[in-house]
Amino acid sequence: MILLVKADWEANDNGSERTFKTGSLLYVDSQSFLDFSKAKDSGSEEAVKEAAAKLDYNILFEPTTTTSYAGYSSTKNYLILYMLDDVKEKLQFFKLGEGGGEFIHVGGDDEGKIRSASARGVDSKTNDLFWFTTSSYTQPSTLYLADATKSNDSNGGLKSLPHMFDSSNLEVKQLFATSKDGTRVPYFMISKKGLVLDGTTPTLLYGYGGFEISLGPHYIATAGISWLERGGVYVEANIRGGGEYGPQWHQSALKENRNKSYQDFIAVAQHLISSNVCTPQKLACRGGSNGGLLTEYGDPDTEDWEKFLQNYSPYHNIDSTREKYPATLLTTSTRDDRVHPAHARKMVKKLWDLGEGKEWPVYYYENIEGGHGGAADSKQEAFMTSLAYDFMWRALTCSLTSKS
């Protein structure tokens, strides 16, 4: 039986003499574990003690300050473990011991790679072949047939999805910013090779930071066509609230610490500016769903509101004394059943009211279909996406049409 530890598992609860860290991957004999669980339910201390003596937990993976668990798959005799090392993916191969004994580490990646990878056994009951799929920011998904007995060696790709944009002159870098509290925040930057650092390049910064969801290497066809082929720089920030460094990275930006997500995002923006990748006037920021929750974050009728929620609700922190705000586009769907369109409507109305007579260019588009995704079909999705990218490009290149 394989167990993923979602919160620190204390010794007095797991039946051993050890505490297992959040994000660890363990394996244990299934019958022994079931017997221990039944003994705990029985309430008999003697039964618990007897069952615990038969438990033997083994650690397949334990997170560090830079590594986190990402998943696993299996073949007949092997387990393939995916882990993130500073948000770069590593695969490790373990062979099941003779007679169902302990797993033995037999190989894998020495260093993390800027890619996304997944593996699935061809027939895990009969052989050790597996389908192996990889992609990156500039390379579309490619399918390989590999053999777990040879670790992660594979023959040439069997099939690849088509290239949707010209990536021949692009490069991908991983860089790090320092957040307000000193936390090291990674981000990926995709740009032309030999980018001239003079601050003139239109740069798009994207973030999410929620629900323990990790941002990482994946084929960015839309950004490639809409931004990179125009000569822009595309950046993804791995801010707290996500899962890039495991459950603790997510938990460190909840409730009264939610502002840390925003501070991380700001830190990446400041690092791009201090590195002369762009200037504030050449930087666009984009987020959607959790990454776009900009208004009325929380319930003003709870005591949490006074303690911390109002401190990071942008709706309540609009600075009415400012004469100028960056161009802003808010989009929503009339039928969004997850984030009600009233939030976007109220935010836009307040910005329009407070910005009357000032240089506050605020734009709004509400699709009448589409639910939380904002679009009901591919045609609508293409329009909404084009609208966003074109707006940002025009805003950074001083070609945005003035509001009527």
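**Exercise 1. By how much of a helical turn are Lys349 and Asp353 separated in helix H8?**

Some ground rules before solving: this is a predicted model, where local features need pLDDT of at least 70, side-chain atom pairs count only at pLDDT 80 or more, and totals for chains, interfaces and linings use all residues. Residues are numbered from 1 along each chain as its sequence is written, and side-chain values use heavy atoms, with hydrogens and water left out.

Step 1. Lys349 and Asp353 sit four residues apart in H8, so about one helical turn separates them. Helices (H or I, at least four residues) and strands (E, at least two) are DSSP runs, numbered from the N terminus.

Step 2. Their side chains meet in a salt bridge, 2.6 Å from N to O. That term means a side-chain nitrogen of Lys or Arg within 4 Å of a carboxyl oxygen of Asp or Glu.

Step 3. Now check exposure: Lys349 is partly exposed at 47% relative accessible area, and Asp353 is partly exposed at 42%. Here buried means under 20% relative accessible area, exposed over 50%, and partly exposed in between (1.4 Å probe, protein chains only).

**Exercise 2. Check the length of H8 and work out where its buried residues point.**

Step 1. H8 (residues 341-354) has 14 residues, and at 1.5 Å a residue it should span 20 Å. The expected span is 1.5 Å times one less than the number of residues.

Step 2. The end C-alpha atoms of H8 are 20 Å apart, which agrees.

Step 3. List the buried residues of H8: Pro341, Ala344, Met347, Val348 and Leu351. They cover an arc of only 130° around the axis, so they lie on the same side of H8. The arc is that of the directions from the helix axis to the C-beta atoms.

Step 4. What do these buried residues pack against? Their partners are strand E17 (328-333) and strand E18 (362-367), with contact meaning heavy atoms within 4.5 Å.

**Exercise 3. Trace the E12-E13 hairpin and the salt bridge from its loop.**

Step 1. Strand E12 (residues 170-178) and strand E13 (residues 184-192) run antiparallel, joined by nine bridges. Two strands pair if DSSP finds at least two bridges between them.

Step 2. Ala177 has Val185 in E13 as its bridge partner. Five residues lie between the two strands of the hairpin, and Gly182 in the turn has a positive phi of about 95°.

Step 3. Asp181 forms a salt bridge with Arg240, the closest N and O atoms being 2.9 Å apart. Asp181 is in the loop between E12 and E13, and Arg240 in the loop between strand E15 (233-237) and helix H5 (247-251), so the pair ties together parts 59 residues apart in sequence.

Step 4. Buried or partly exposed: which is Arg240, and which is Asp181? Arg240 counts as buried at 4% relative accessibility, while Asp181 is partly exposed at 39%.

**Exercise 4. Lay out the sheet that starts with E8 and find its edges.**

Step 1. Four strands form an open antiparallel sheet in the order E8-E9-E10-E11.

Step 2. Strand E8 (116-121) and strand E11 (159-160) each have a single partner strand, so one side of each is left without a neighbour in the sheet.

Step 3. E9 (residues 129-135) and E10 (residues 142-147) pair over six bridges, and Thr133 stands opposite Leu143 in E10.
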